[in-house]
Amino acid sequence: IKEVYCNLSKSCTCLKNKYFQVVNNNDEWIGVASAQECHSNPKLIHRVVHFTLVDGIKEKVLISKRSSNVKYDSGMWCFMDEHLLHDDDYQTAVFRGLKDELSFDGNEGIGEKCHTIFHQPNQTEFARFFIAYYKDGLLKPDPSEIDEIKWVSLDELRHKKHEYSSMTQYWINNADWEEIM
């Protein structure tokens, strides 16, 4: 197998926005690879975060409909996601995703809830699932990423799983929603 990632230091700045973290099955950092390499070689496990907002007072969960212009899960209802760039930690990626996709600063805090490895034909992702707590504020979805957002009850979330992407279904089935809410 040809080694397609390089062992650059985590602080390298020449690769910003183009290279993702490559890890082993234990989520231990082993290098970086280009987005193209990560999305075309399932042997390269790269880090991603999936996240959503929870309004604990109203007991609602935010779900987003992916833009029809994106490559993966276009037009599907999903939780949001963000790749970890070469020098990110998971929390940094969540806050960047909240800002980029919803213009939301995550001021009520975030929390990790579970993790898994998603194996797909052309890529493998080590994914961690985070909740961002929401109290109030205007959410402005990025139209290049999101066509629509809506707040749903936990009951709606659990009983309409067939409407959601497979990754979102995984988080619905495996996160401890009673503890989250």
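In this predicted model, the side chains of Arg66 and Asp81 come together in a salt bridge, with 3.9 Å from N to O. Arg66 belongs to strand S4 (residues 60-66) and Asp81 to strand S6 (residues 80-83), so the pair ties together parts that are 15 residues apart in sequence. The two partners sit in unlike surroundings: Arg66 is buried, at a relative accessible area of 11%, whereas Asp81 is partly exposed, at 24%. The cut-off for calling a residue buried is under 20% relative accessible area, so the 11% of Arg66 falls within it.

Stay with these two residues for a moment, for they also lead us to a pocket. Which residues lie closest to the centre of the largest pocket? They are Arg66, Tyr72, Asp81, His83 and Glu145, out of 23 residues that line it. The volume of this pocket is about 520 Å³. Strand S6, where Asp81 is found, gives the largest share of the lining, three residues. At least two lining residues each come from S3, S6, helix H2 (90-102) and H4. By character, the lining divides into 10 charged, seven polar and six nonpolar residues.

Let us return to the salt bridges. How many does a search of the whole structure find? The total is nine. Side chains of opposite charge can pair when their charged atoms come close. One of the nine joins Asp27 and Arg128, whose closest N and O atoms are 2.9 Å apart. This pair links distant parts of the chain, 101 residues apart: Asp27 is in the loop between strand S1 (19-23) and strand S2 (29-34), while Arg128 is in strand S8 (residues 124-133). Both partners are buried, Asp27 with a relative accessible area of 8% and Arg128 with 15%.

Another salt bridge brings together the side chains of Arg158 and Glu178, at 2.9 Å from N to O. Here, too, distant parts of the chain are linked: Arg158 lies in helix H3 (residues 154-159) and Glu178 in helix H5 (residues 177-180), 20 residues apart. Buried or exposed, how does Glu178 count? Glu178 is exposed, with a relative accessible area of 54%, and its partner Arg158 is partly exposed, at 30%. Salt bridges can also share partners, and in this way Asp27, Arg47, Glu112 and Arg128 are joined into one network.

Now turn from charged side chains to the nonpolar interior. The largest nonpolar core has 21 residues, and the members that touch the most others are Phe79, Phe129, Leu157 and Trp177. Strand S3 (45-55), S4, strand S7 (110-119), S8, H3, helix H4 (166-174) and H5 each contribute at least two residues to this core. Apart from it lies another core, of 20 residues, including Val23, Leu62, Val94 and Leu98.

Phe129 is a good place to look around. Not counting residues up to four places away in sequence, the residues that Phe129 touches include Phe79 and Trp177, as well as His50, Phe51, Trp171 and Ala175. Glu112 is also among the residues touched by Phe129, and Glu112 takes part in the salt-bridge network described above.

Our last stop is the loop between H3 and H4, where Ser165 is found. Ser165 is buried, with a relative accessible area of 1%. Leaving aside neighbours within four places in sequence, Ser165 is in contact with Asp73, Met76, Trp77 and Cys78.

Methods: Residues are numbered from 1 along each chain as its sequence is written. This is a predicted model: local features need pLDDT of at least 70, side-chain atom pairs count only at pLDDT 80 or more; totals for chains, interfaces and linings use all residues. Side-chain values use heavy atoms; hydrogens and water are left out. A salt bridge is a side-chain nitrogen of Lys or Arg within 4 Å of a carboxyl oxygen of Asp or Glu. Helices (H or I, at least four residues) and strands (E, at least two) are DSSP runs, numbered from the N terminus. Buried means under 20% relative accessible area, exposed over 50%, partly exposed in between (1.4 Å probe, protein chains only). A nonpolar core is a set of buried Ala, Val, Leu, Ile, Met, Phe, Trp, Tyr and Cys residues joined through side-chain atoms within 4.5 Å. Contact means heavy atoms within 4.5 Å. On a 1 Å grid over the protein atoms alone, a cavity is a set of points where a 1.4 Å probe fits but cannot get out, and a pocket is an open set with protein on both sides within 12 Å along at least five of seven lines; lining residues have an atom within 4 Å of a point. Grid points are joined across faces, edges and corners, and a volume is the space filled by probe spheres set on the points. Ala, Val, Leu, Ile, Met, Phe, Trp, Tyr, Cys and Pro count as nonpolar, Asp, Glu, Lys and Arg as charged, and the others, Gly among them, as polar.
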